[in-house]
Every structure is written in C-alpha cells, then in structure tokens.
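Biologist: I am new to this structure and would be grateful for a close look at its sheet. Please go through its pairing in order, and then turn to what lies around it.

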Amino acid sequence: MVPTIYKKQESAKSDDVPESCLLPHSHRTSSVRTIAQILEGGGVCGIPTDTVYALAASCKHPDAISRIYTIKERPSEKPICICISNLEQLRAIEPPFSPLLWRFMDMVYPGGISCIVPKGDWLERLGVGAAYDKVGTQDNIMIRVPDHTVTAHLTDITGPLAITSANPSGESDSTHHDMVITRLSHKLDAVLRDGYSNELVGSTVVNCTKIDEGSITILREGCVPAAKVMQLFECAKNTQDVL
C-alpha cells in the first residue's frame, strides 16, 4: 500500500543523475552484488532497510564513513550506527553482554528497534576495527539488525556497514528511492532502488547501557511504539535465561 503522506515525486530524469551514480533494482541478485562491490571498494550507497532508506559505507573504509557526514552535511557530534545481518553474527564473537541484554536483543532483532550498547574490543572481531573511531561515540555503539531480506543479504556479503538515514541533515526521511536519487544522487556512487519503504519513520532507538541496573531509555520513538519496547523489556526481565 502506498503511504498516503508521501506524494510521489517525478523520477529523476536520466540527464539529472550523474553517470557515476548507478541505479540498480533490488530484485536482482546481481544488483545486490554490485552494491556490495561498490561498498567494499570504499563507495557510499543509498540502500533500503526495513524502515526508511539509508546511506551506507563499509566499516572497512573509514574514509567512506567520513564521506557520509559530508554528503548529509551531518554535524560531526552526531554518531553513526552499524548494521549487521543477524544476531548470530554478533553472538559468534562473544561480546561480554549480560544474559538480560541477550534476551532483550533476541526479542527485538531483527526489526525496527536499535540498541545502544557499550563499545569494546569485540567490535574488532565483528569486523569494525578500522572504523572503530568513526562509528558510535567514544564509549557506546548503536546496532541495527534490519528485518529486510535485501539489507540482510547485502550485509552478509560486506560485513558490518555504517548506516544513517538517506536525507540531508535536518530534512525528512526518504521513503522512496526517488527521494534519495533526487536529493543525493550527485554525491553518491549508487542507489539500490527498492520502491516505497516499509515505514514512514526510522527505527526506535533504545539505550541499553544500563540494562543490568534494571532500566532502559528510549532516546527516539520511531516505527516501534515506546509502549511495545517497554513490554518487550518486561518480558525479557521475566523470562528464564535460556542462553
């Protein structure tokens, strides 16, 4: 169903899109591989997620993450999160998370909730070593595990990606690939076209750094209502440890 609050813009004319910006369709496996190759080569791409469109750069290329800030005109003090394909990818490297945090993440991932957790050397084992100082804050990192087949397949190929919403800083989220193309294609290497986004707003951001003290903090209410997040948290606290 087409979101009612988004009036479809005219597709960018071919002569308005730089030849250097590729526009593959997401339904082709070859397209996802092309985007992966561009990201692994140090490029910056617009990609779909389970919420709104995002700008992505490989954590193997810190300079590409710096480009995202320039492309968006994003204030340097605003951190960028990382995106992985599934929670098992994280579990395999054994970060020192408490059983309660694992239970909560099991309940919210994959999906439109982003968890902020303490940084540590586990990020190097995850493949974020080169970009350690470019993502998150000095002490914490936000993790996204989108419930989106294309995004999951892409990050399976590339490893962790640094992502942020695909819009000029301070402007509305991009809910269709045409919006990304119109606004940012002249600064990007590619946009993976996937039609309308699944949501009209981004993920709900939850600070989990004090979860072992019995509390979480919702920093931004996005596509998942705050009440639902708190319900999941109470469930995690009341569920027997199965790890």
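**The sheet and its surroundings**

Modeller: Within strand S8, Val205 is the bridge partner of Ser114. That bridge belongs to the pairing of strand S4 (residues 113-118) with S8 (residues 204-207), a parallel one with four bridges. Strands (E, at least two residues) and helices (H or I, at least four) are DSSP runs numbered from the N terminus, and two strands count as paired when DSSP finds at least two bridges between them. The model is a predicted one, in which local features need pLDDT of at least 70 and side-chain atom pairs count only at pLDDT 80 or more, while totals for chains, interfaces and linings use all residues. Residues are numbered from 1 along each chain as its sequence is written, and side-chain values use heavy atoms, with hydrogens and water left out.

On one side of this pair, S8 is joined to strand S9 by three bridges, and these two strands run antiparallel. Here Asn207 has Thr217 of S9 as its bridge partner. S4 also pairs with strand S5 (residues 140-144), in the antiparallel sense and over four bridges. In that pairing, Met142 of S5 stands opposite Ile116.

One residue of S4 merits separate attention, namely Pro118. Its relative accessible area is 35%, so Pro118 is partly exposed (buried means under 20%, exposed over 50%, and partly exposed in between, with a 1.4 Å probe and protein chains only). Although 21 residues separate Pro118 from Asp139 in sequence, their C-alpha atoms are 5.9 Å apart in space. Apart from neighbours within four places in sequence, the contacts of Pro118 (heavy atoms within 4.5 Å) are Asp139, Asn140 and Thr209.

S5 is largely enclosed by the rest of the structure, because four of its five residues are buried. In addition to S4, S5 is joined to strand S3 by two bridges, and this pair runs parallel. The bridge partner of Ile82 in S5 is Ile143.

These pairings form part of an open sheet of nine strands with mixed pairing, ordered S7-S1-S2-S6-S3-S5-S4-S8-S9. Strand S7 (190-191) and strand S9 (217-220) are the edge strands, each of them pairing on one side only. At the S7 edge, strand S1 (residues 45-47) and S7 run parallel and are joined by two bridges. Ala190 in S7 is the bridge partner of Cys45. Helix H2 (residues 62-72) packs on the sheet, where H2 touches strand S2 (54-58) and strand S6 (161-165); the direction of H2 makes about 155° with that of S2.

Which strands and helix lie against the buried residues of helix H7? They pack against S1, S2, H2 and S7. H7 (residues 177-184) is mostly covered, with seven of its eight residues buried. The buried residues are His177, Asp178, Met179, Val180, Ile181, Arg183 and Leu184.

Helix H6 also has buried residues, namely Val150, Thr151, Ala152, Leu154, Thr155 and Thr158. The elements covering them include S1, strand S3 (81-83) and S6 from the sheet, together with helix H1. After H6 comes Gly159, which has a positive phi near 85°.

The meeting of H1 (residues 29-40) and H6 (residues 149-158) can be described further: their axes come within 9 Å and cross at roughly 45°. Axes are lines fitted to C-alpha atoms, for helices over the stretch in contact, and angles run from 0 to 180 degrees between N-to-C directions. H1 and H6 are therefore oblique to each other, since angles under 35 degrees count as roughly parallel, over 145 as roughly antiparallel, 65 to 115 as roughly perpendicular and the rest as oblique. From H1 the contact involves Thr29, Val32, Arg33, Ile35, Ala36, Leu39 and Glu40, and from H6 it involves Val150, His153, Leu154, Ile157 and Thr158.

A further helix pair completes the account. Helix H4 (residues 99-108) and helix H8 (residues 226-238) have axes 9 Å apart and pack at an angle of about 135°. H4 is thus oblique to H8. H4 contributes Leu100, Arg103, Phe104, Met107 and Val108 to the contact, and H8 contributes Val229, Leu232, Phe233, Cys235, Ala236 and Lys237.
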